[in-house]
Amino acid sequence: MKERDLPGDLKNAVCCLKCRKVGVDAIRKKMPGLSRGYDRCKICKSYAYRYIEITTSPIIFVVLTVMVIWVMPVSEDGSRPIVVIGIWISIMCGVYLNNLSKRKKIRRLLKEHMRKDILYGEQS
Ligand SMILES: [Zn+2]
């Protein structure tokens, strides 16, 4: 696994892509109806992310898609609404790709942060 080089505490740190900062002051907000919350940067008010919380496992998206198709009401002729399925799959793909790029950006930010830490450590 390539992810081993990031320390665990950094993976859990709240990062703001707008401020380009790691470990920002963030407000934890609850998503209605979901156990998961999300973070908002206190400085710029935009979304802040924890590396560890960004889902990039394709399996989860496939499972979600299958589940939604499963619970979808079947129309009178026994078929499932293909347009809705199509829309759902494209939403899922969009979220997945978005998460991938977000994760990449956060990773870069964390790496940058680590380099700065090393530099600072050498000076003192
Ligand atoms: Zn910010």
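This passage walks through the fold of one chain, from its overall outline to a few chosen residues. The model is a predicted one.

The chain contains 3 helices and 5 strands. Followed along the sequence, these elements come in the order α-β-β-β-β-β-α-α. The radius of gyration of the chain is 19 Å, well over the 14 Å that the globule rule gives for 124 residues, so the chain is more spread out than a compact globule. The dimensions along the principal axes can be read beside that result: the C-alpha trace spans about 75 × 30 × 20 Å. Burial was examined next, and 10% of the 124 residues count as buried. As for contacts between residues at least 6 apart in sequence, 52% of them join residues at least 24 apart.

Where, then, do the nonpolar residues gather? In soluble globular proteins, nonpolar side chains tend to be buried together. In this chain, the largest nonpolar core has 12 residues, among them Leu10, Cys15, Cys16, Cys41, Tyr49 and Ile106. Two or more residues of this core come from each of β1 (14–16), β5 (47–50) and α3. Strand β1 gives the largest share, with 3 residues. One member of the core, Cys16, is a helpful residue to find in the structure. Leaving aside residues up to four places away in sequence, Cys16 touches Lys21, Val24, Cys41, Cys44, Ser46 and Ala48. Of these partners, Cys41 and Ala48 are also listed in the core.

The helices α2 and α3 invite a closer look. Helix α2 covers residues 58–71, and its 14 residues should span 20 Å at 1.5 Å a residue; the end C-alpha atoms are 20 Å apart, which agrees. Is α2 buried or in the open? The number of buried residues among its 14 is 0, so α2 lies largely in the open.

Helix α3 runs over residues 82–123 and includes Lys102. A residue counts as partly exposed when its number of neighbouring C-beta atoms within 10 Å falls between 12 and 20. Lys102 has 17 other C-beta atoms within 10 Å and is therefore partly exposed. Which residues does Lys102 touch, not counting those up to four places away in sequence? The partners are Tyr49 and Ile54, and Tyr49 belongs to the nonpolar core described above. Lys102 and Arg115 are 13 residues apart in sequence, and their C-alpha atoms lie 20 Å apart in space.

Terms used:
Residues numbered from 1 in each chain as written. Predicted model: local features only at pLDDT ≥ 70, side-chain atom pairs only at ≥ 80, totals over all residues. Helix = DSSP H or I, 4+ residues; strand = E, 2+ residues; numbered from the N terminus. Expected span 1.5 Å × (residues − 1). Contact = placed C-beta atoms within 7 Å. Rg over C-alpha atoms; globule rule 2.2 N^0.38 Å. Core = buried A, V, L, I, M, F, W, Y, C linked by C-beta atoms within 7 Å.
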